[in-house]
Amino acid sequence: MPDLLTPLSCGRMTLPNRVMFAPCTRCRAGVGNTPTELMATYYAQRATAGLLISEATQICPQGAGYPNTPGIHSPEQVAGWRRVTDSVHARGGRIFVQLWHVGRVSHSAYQPGGAAPVSSSAAGKSGEVTLPDFSKAPYPTPRALETDEIPRVMEQYRHAARCAAEAGFDGVELHGANGYLPDQFLRDGVNRRTDRYGGSVENRARFHLEAAQALCDVLGPERVGVRLSPSGTFGDMHDSSPRETFGYLVRELGRRGLAYLHIMEAMEGDLKHGQDKHPEYEPIPVSYFRPMFKGTLITNSGFDYHKATAYLKEGWADAVAFGVMYIANPDLPERFRRLAAGDASVPFNTPDPATFYGGTEKGYTDYPMLAG
């Protein structure tokens, strides 16, 4: 049976292990949402992962919704990401960029010309948005994308994929999870459209599938992954029949020969929000989708070494992505290797949540590596 340290075929790559670095927003991009030298150091420190998946990276100015998050649509951003990928490749690593459009999870302060954010429908969300200066404001009501505007968004995905290739990334991951734009089209808790992108499951999944296909058209499916969060409630997300909705999408994605599918399990916040707001809420384990997708399947959310090892042995996933644990332990595969060899005394650094979003090298590139 495979374990976390077993090599894995993924698209056209052979990964040295099954310990993936999950995409983690860190809000440390520079002027013009451009990656910095500090970001290159951060990713290079974690290059022993089977695969690094970058922090969410907006495909266009309209796709931004958080302070100091990187983009991948301008020449300056491409040049900044090239420093990152060169640093990772120099250490023998592999890196995909996660392509992001936040949709309604934004504010006019981020939008070109101060316009309203866009979504599948004019359905707002609760809570407060973090503005570019890290102050807070209520989320505004978004504007529904017109049907004839959607091809322009697909071209933005294609442009971002071309930029990713120019920047030296080994592939891209479509961020189709966590209540962002593709998810806003997919789930009927937000999507109220009556055109070819609304109503039936097939119509609501159309945006997702067209975006994935746009990336495949540019890079080839073997360099494209997709991330989903069928149990996710972030962004007030819900669906009347999530097993049917996500089951259809997973089967359709399975026909495309993707490098991988990245399915998140429920996080603690998902469980609390889902059960508080929707009595019918029930988390969907990744094992439910395993029979529907024959390619490489990655899972994520709250895993440690023992839980991840159990999932691989059961065959529920082929690899596991680690977020907070990997932030604090840049040499995570080596720590797991020592655990697997029977060293129960392997130390793990304690994450510092106060430094997760924004800041300098503190809590970013200063976590210690194992000696020796």
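A crossing of two helices is right-handed if the near helix is turned clockwise from the far one by less than a right angle. The views below are close-ups of a predicted model.

**View 1. Helix 1 passes helix 2 in a right-handed crossing.** Helix 1 covers residues 37–45 and helix 2 residues 75–90; their axes come within 8 Å and cross at roughly 30 degrees. Helix 1 is therefore roughly parallel to helix 2, since angles under 35 degrees count as such. On the side of helix 1, the contact is made by Glu37, Met39, Ala40, Tyr43 and Ala44, which meet Trp81, Arg83, Val84, Ser87 and Val88 of helix 2. Sorted by class, this contact has seven nonpolar residues, one polar residue and two charged residues.

**View 2. Helix 3 packs with helix 6 in a right-handed crossing.** The axes of helix 3 (residues 150–166) and helix 6 (residues 206–219) are 9 Å apart, at an angle of about 35 degrees. From helix 3, the residues in contact are Ile150, Val153, Met154, Tyr157, Arg158, Ala161, Arg162 and Ala165. Their partners in helix 6 are Phe207, Glu210, Ala211, Ala214, Leu215, Val218 and Leu219. By class, the contact has twelve nonpolar and three charged residues, with no polar ones.

**View 3. Helix 11 (residues 332–340) and what covers its buried residues.** Leu332, Pro333, Arg335, Phe336, Arg338 and Leu339 are the buried residues of helix 11. Two arginines, Arg335 and Arg338, are thus listed as buried alongside residues such as Phe336 and Leu339. The cover over these buried positions includes strand 3 (19–21), helix 9 (305–314), strand 14 (319–322) and helix 10 (324–328). Just after helix 11, Gly342 takes a positive phi of about 100 degrees.

**View 4. Thr365, in the segment after helix 11.** Thr365 counts as buried because its relative accessibility is 15%, under the 20% cut-off. Residues up to four places away in sequence aside, Thr365 touches Leu38, Thr41, Tyr42 and Gln45. Helix 1 spans residues 37–45, and these four contacts of Thr365 carry numbers from that stretch.

**View 5. Leu249, a residue of helix 7 (residues 242–254).** With a relative accessibility of 0%, Leu249 counts as buried. Its contacts, leaving aside neighbours within four places in sequence, are Leu186, Ala205, His208, Leu209 and Leu228. Of these, His208 and Leu209 have numbers within the range of helix 6. For a distance across the model, Leu249 can be set against Phe169: the two are 80 residues apart in sequence, and their C-alpha atoms are 26 Å apart in space.

**View 6. Cys24 and Cys216, two cysteines in a structure with zero disulfides.** A disulfide needs a pair of cysteine sulfur atoms within 2.5 Å. For Cys24, the closest cysteine sulfur belongs to Cys27 and is 12 Å away, so it is too far for a bond. For Cys216, the closest cysteine sulfur is that of Cys10, at 13 Å, so a bond is ruled out by distance here as well. Cys24 counts as buried, with 11% relative accessibility. Cys216 also counts as buried, with 7% relative accessibility.

Conventions
Residues numbered from 1 in each chain as written. Predicted model: local features only at pLDDT ≥ 70, side-chain atom pairs only at ≥ 80, totals over all residues. Heavy atoms only, no water. Buried < 20%, exposed > 50% of the residue type's maximum accessible area, 1.4 Å probe, protein only. Helix = DSSP H or I, 4+ residues; strand = E, 2+ residues; numbered from the N terminus. Contact = heavy atoms within 4.5 Å. Axes fitted to C-alpha atoms, helices over the stretch in contact; angles between N-to-C directions. Parallel < 35°, antiparallel > 145°, perpendicular 65-115°, else oblique. Nonpolar A, V, L, I, M, F, W, Y, C, P; charged D, E, K, R; others polar.
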